[in-house]
Amino acid sequence: MAKRSAPEVNAGSMADIAFLLLIFFLVTTTIETDSGISRKLPPEQEENQPPPPVIKERNLFTVIVNSNDELLVEDKVMELKDLRAAAVAFLDNGAEDCSYCQGAKDPSSSVNPTKAIISLVNNRGTSYKRYIAVQNELVAAYNELRDRVATSQYGESFTSLEARYNDPRTTQENKDKLKPKIEAIQELYPEKLSEAEPKKS
Amino acid sequence: MSKFNKKKSGDLPAISTASLPDIVFMLLFFFMVATTMRETTLMVKNNLPTANQVEKLDKKDLIMYIYAGKPVDRYQGTYGTSAKIQLNDKFADVGEIQDFIYQERASKREELVPFLTTALKVDGDSKMGLISDIKQELRKANALKINYVTKSGDAVKMN
């Protein structure tokens with residue numbers, strides 16, 4: 001039997017395989033993006049502004065954080081883990097004309113979610129991570145209520161509606177459909193979070 | 001019989017390396033796409049706090065980054081251990097933030113300026129005094145859209 005040489009491997013399709021892999025990786029890799037809590041700062045106050053409207057004490061939910069990272073909520077010391085529930089109870093109280101509220105209708109708490117304001121006061125010595133944790137809990141309280149009302153009205157949670165709206169793959173047509181829904185929910189539970197300038201010492 | 005004896009040489013034929021450039025280019029493209037360029041070298045400690053109610057920051061070209069925190073060990077001898085602000089590649093004073101914002105605005109196309117967001121990458125152990133100073137400066141510069149960049153995780157347990 002004669003010794004046969006190995007036939008040459010055809011390398012013509014190698015480039016195809018290479019491009020296939022390249023395209024696969026291109027499609028599957030997501031470039032790391034930052035994420036965080038978005039806020040809007042109030043514009044700079046002009047001089048001789050009209051005095052701010054008087055807000056009833058019952059519509060104000062005061063959260064004070066001191067330099068030891070301790071919380072004082074409505075004049076009571078509170079643990080961070082209880083803040084979300086307390087904020088939800090305050091916002092969702094709905095003592096007057098609020099058909100979608102499920103709160104206790106306590107006459108000493110907020111009138112209506114559209115009037116309820118959360119006021120956050122920091123100390124200059126408060127640590128940043130505590131501040132972020134408090135912000136996170138307050139945003140979570142709003143999201144919880146918005147999710148609830150969105151699920152009962154549209155059968156989809158508010159966060160998922162918003163995620164779909166912000167997704168670049170959503171078509172313009174769908175976005176136009178989602179936008180009024182999101183705005184309606186935001187109107188039911190507007191995010192009214194006021195921040196005072198931190199106190200010294 | 002002779003037609004089976006045509007190839008006599010017993011050497012293995014060389015494997016074609018014609019596709020090697022393809023493979024190399026493929027790897028090159030892959031890494032070009034997947035790597036995010038860090039434009040600034042961090043000179044401050046940047047252990048971000050955690051939160052779970054977060055929004056994604058898309059459109060990297062529309063973000064201005066402000067870093068703050070304690071200087072890293074290498075710079076502590078020169079700059080001390082108190083928390084500092086870093087803009088681009090150098091330590092900055094609170095007063096320089098406004099100029100920084102104006103410069104960043106000038107470098108962007110005019111129609112994109114209203115969409116600019118300031119991302120605050122601040123070390124979790126910093127004090128709020130510094131952050132509120134930064135926020136006051138941003139208000140003065142009328143850069144009102146901000147984002148506190150965080151890691152994702154449970155905010156109550158981790159902080």
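The following dialogue explains how to read several features of this predicted model.

Q: What do the secondary-structure elements of chain A come to, and in what order do they run from the N terminus on?

A: One begins by listing helices and strands along the chain. Chain A has five helices and six strands. Their order from the N terminus is α-β-β-β-β-α-β-α-α-α-β.

Q: How many of the residues in chain A are buried, as a percentage?

A: Burial is judged by counting neighbours around a residue. In chain A, which has 201 residues, 26% are buried. One may also ask how far apart in sequence the contacting residues lie. Among contacts in chain A between residues at least 6 apart in sequence, 57% join residues at least 24 apart.

Q: Why does Val88(A) count as partly exposed, and with which residues is it in contact, leaving aside its neighbours within four places in sequence?

A: The cut-off matters here: 20 or more other C-beta atoms within 10 Å make a residue buried, and 12 or fewer make it exposed. Val88(A) has 19 C-beta neighbours inside 10 Å, and therefore counts as partly exposed. This residue belongs to helix α2 (residues 83-91) of chain A. Beyond four places in sequence, Val88(A) is in contact with Ala141(A), Glu144(A) and Leu145(A). For Val88(A) and Ala141(A), the separation is 53 residues in sequence, while their C-alpha atoms are 5.3 Å apart in space.

Q: What is the sign of phi in Asp69(A) and in Asp75(A)?

A: Phi is a backbone angle, and its sign is read residue by residue. Asp69(A) is a residue other than glycine with a positive phi, near 65°. Asp75(A), also not a glycine, has a positive phi of about 65°. Asp69(A) lies in the loop between β2 (60-65) and β3 (71-73) of chain A, and Asp75(A) lies in the loop between β3 and β4 (76-78) of that chain. Asp69(A) counts as partly exposed because it has 17 C-beta neighbours inside 10 Å. Asp75(A) has 7 such neighbours, and so counts as exposed.

Q: Which residues touch the most other members of the largest nonpolar core?

A: A core is read by finding the members that touch many others. The largest nonpolar core holds 54 residues, and those touching the most other members are Ala87(A), Ile66(B), Ala68(B), Leu120(B) and Ile134(B). Helix α3 (residues 128-154) of chain A gives the most to this core, with twelve residues. To take one member, Ile66(B) has contacts beyond four places in sequence with Ile85(B), Leu87(B), Ile97(B), Thr118(B), Leu120(B) and Ile134(B).

Q: How does the expected span of helix α4 of chain B agree with the distance between its end C-alpha atoms?

A: One compares the expected span with the distance in the model. Helix α4 (residues 128-140) of chain B has 13 residues, which at 1.5 Å a residue should span 18 Å; its end C-alpha atoms are 18 Å apart, so the two agree. Within α4(B), the buried residues are Met128(B), Leu130(B), Ile131(B), Ile134(B), Lys135(B), Glu137(B) and Leu138(B). Their cover includes α3 of chain A, along with β3 (63-69), β4 (84-87), α3 (97-107), β6 (117-122) and β7 (145-152) of chain B. Just after this helix, Asn142(B) takes a positive phi of about 60°.

Q: In which sense does β6(B) pair with β3(B) and with β7(B), parallel or antiparallel?

A: The sense of pairing is found by comparing the directions of two strands. β3(B) and β6(B) are parallel, paired over six bridges; here Ala68(B) stands opposite Val122(B). β6(B) and β7(B) also run parallel, joined by three bridges, and Thr118(B) has Ile146(B) as its bridge partner. Between these strands the chain passes through α4(B), and this β-α-β crossover is right-handed. Five of the six residues of β6(B) are buried.

Q: How many residues of chain B are in contact with chain A, and which element gives the most to that side?

A: An interface can be described by the residues on each side. Here 54 residues of chain B are in contact with 49 residues of chain A. α4(B) gives the most to the chain B side, with eight residues. That side divides into 26 nonpolar, 16 polar and twelve charged residues.

Q: Which strands of chain B are joined by bridges to β1 of chain A?

A: Strands of separate chains may also pair. Strand β1 (residues 35-40) of chain A runs antiparallel to β2(B), with two bridges, and antiparallel to β7(B), with six bridges. Gly36(A) has Glu55(B) as its bridge partner in β2(B) and stands opposite Val149(B) in β7(B).

Terms used. Residues are numbered from 1 along each chain as its sequence is written. Chains are lettered from A and ligands numbered from 1 in the order in which they are written. This is a predicted model: local features need pLDDT of at least 70, side-chain atom pairs count only at pLDDT 80 or more; totals for chains, interfaces and linings use all residues. A nonpolar core is a set of buried Ala, Val, Leu, Ile, Met, Phe, Trp, Tyr and Cys residues joined through C-beta atoms within 7 Å. Helices (H or I, at least four residues) and strands (E, at least two) are DSSP runs, numbered from the N terminus. Two residues are in contact if their C-beta atoms, placed from the backbone, lie within 7 Å. The expected span of a helix is 1.5 Å times one less than its number of residues. Two strands pair if DSSP finds at least two bridges between them. A crossover is right-handed if, with the strands pointing away from the viewer, the path from the first strand over the helix to the second runs clockwise. Ala, Val, Leu, Ile, Met, Phe, Trp, Tyr, Cys and Pro count as nonpolar, Asp, Glu, Lys and Arg as charged, and the others, Gly among them, as polar.
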